[in-house]
Structure formats: structure tokens, C-alpha cells
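Thank you all for coming. I would like to take you through one chain this morning, so please bring up the sequence and the model, and we will go from the strands to the helices and then to a few single residues.

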Amino acid sequence: MAQSISIATKKDKPDWARLRCLLWPDCSAERHELEVEQLLGSEGLVALAVLDGKVIGFAEGSIRRDDVEGTCAAPVAYLEGWFVEKQYRGKGIGRALVRFVEEWARGKGFLELASDAEIWNEASIRAHGQLGFSGGGENGAFREEVELTTRKARKIRTGRGGIRLRLRL
């Protein structure tokens, strides 16, 4: 089984949109199309997991210039969402996608990667925690601090119930 992670291009739109519909089924097809176009034309990145020629997962990273709760600076790299098809979960694919976004954020010079989850979505909150994100407070905001000059991971408690994760490279 050949597995790879690559950056999405316009040719990937149908597969990417199909997966987005699985992750966010309440979002209209038109809205997905609009957001896909916006992400392709932005400073952000979309990583696709491909297994034997089939797109089975994605992670969307953006740069948010507004004030993101729990972060130390703006702009900040933001993990908008990630998804792996059910039959491929538990194999490290989601983790690899998020790590790909982390490397992109580091390459852009960011020290933090923020994300969020609906406060009722226990599976998403658990998945964020397994990847080193902490927080989730009242609004489901998560944060991970990526320090560019170090080698080990260490958690530091921050305000509003968050924990920053420092990854040493």
C-alpha cells in the first residue's frame, strides 16, 4: 500500500470536497465549493492523504489574522479541520496530516498552531488532546505552541484553561 501526503491543487477539488461533506454534512455543497476556492487562493494549505491513488483524508491550515482565543500573537497558524475516512482511522494518518500542517506552520515562522472543536464533540476533543493540543475551554479553542529552536515536547499551562505544547525540532 503506497501512502503519501501532498498539497491539494485544483485537480483535487472533487475528492477534497467529498471528504469535507463527510466531516461537515450540514454545510451545503455550494458553501464547500466556496470555501475550497477560498483556501486554494489563500496563504493557507490543504494536505491530502492518498493511499493507493485514493484520497482518504485531509487537513486544512490557514493563517488567521484576527484575535484567536488563547494564542499569544496574531497572525497565527490555524488548523481549520482534519478528517480521515472511517475505515482508515487509527493508523496514524490523521496524526501525519496534522504534523504536515505543523511543519508548514514552522516553515512560515509561526510559533503557535491553534484549532477548535465543538464543545459537544468528544471525539474531536479527544483527538486534539492525543495530538498534543490542550484547551478546549468553554468555546472549544485549542492551542499548540511550536518552538522553532528546541528538540523535545513540553506542556505549559496558560490562561483560560489552555495548555501550550512546545515542540522542539
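Let me begin with a question: which residue of β4 does Phe58 stand opposite? The partner is Phe83, and I will come to the pairing behind it in a moment, but please keep in mind throughout that what we are looking at is a predicted model. The mean pLDDT of the protein chain is 80, with 78% of its residues at 70 or more. Over residues 147–169, however, the pLDDT is below 50, although in the model this stretch has 62 contacts beyond near neighbours in sequence.

Now to the strands. Strands β3 and β4 run antiparallel and are joined by eight bridges, whereas β4, which comprises residues 76–84, runs parallel to β5 and is joined to it by three bridges. Within that parallel pair, Ala77 stands opposite Leu113 in β5, and Leu79 stands opposite Ser115, again in β5. Eight of the nine residues of β4 are buried, so this strand is largely enclosed by the rest of the structure; for β5, residues 112–116, the count is four of five, and β5 is therefore largely enclosed as well.

How are these two parallel strands connected? Together with helix α3, residues 93–107, strands β4 and β5 make a β-α-β unit, and that unit is right-handed. Helix α3 has 15 residues, which at 1.5 Å a residue should span 21 Å, and its end C-alpha atoms are indeed 21 Å apart, in agreement with that expectation. The buried residues of α3 are Ile93, Gly94, Leu97, Val98, Val101, Glu102, Trp104, Ala105 and Arg106. Just after the helix, Gly109 takes a positive phi of about 90 degrees.

A single residue of β4 deserves a closer look, namely Val76, whose place is in that strand. Val76 is buried, with a relative accessible area of 1%. If we leave aside neighbours within four places in sequence, Val76 is in contact with Ser62, Ile63, Arg64, Val68, Thr71, Phe110, Glu112 and Ala114. Of these partners, Phe110 is 34 residues away from Val76 in sequence, yet the two C-alpha atoms are 6.6 Å apart in space.

Let me turn to helix α2, residues 29–40, where the same length check can be made: its 12 residues should span 16 Å at 1.5 Å a residue, and the end C-alpha atoms are 16 Å apart, which agrees. Which residues of α2 are buried? They are His32, Glu35, Val36 and Leu39, and because they cover an arc of only 105 degrees around the axis, they lie on the same side of α2. Among the elements that cover these buried residues are α1 (13–23), β2 (45–51) and β3 (54–64).

Finally, I would point you to the loop between β2 and β3, where Asp52 lies. The phi of Asp52 is near 50 degrees, which is a positive value in a residue other than glycine. I will stop there and take your comments.

Methods
Residues numbered from 1 in each chain as written. Predicted model: local features only at pLDDT ≥ 70, side-chain atom pairs only at ≥ 80, totals over all residues. Heavy atoms only, no water. pLDDT = per-residue confidence, 0-100. Contact = heavy atoms within 4.5 Å. Buried < 20%, exposed > 50% of the residue type's maximum accessible area, 1.4 Å probe, protein only. Helix = DSSP H or I, 4+ residues; strand = E, 2+ residues; numbered from the N terminus. Pairing = 2+ DSSP bridges. Right-handed = clockwise from strand over helix to strand, strands pointing away. Expected span 1.5 Å × (residues − 1). Arc of directions from axis to C-beta.
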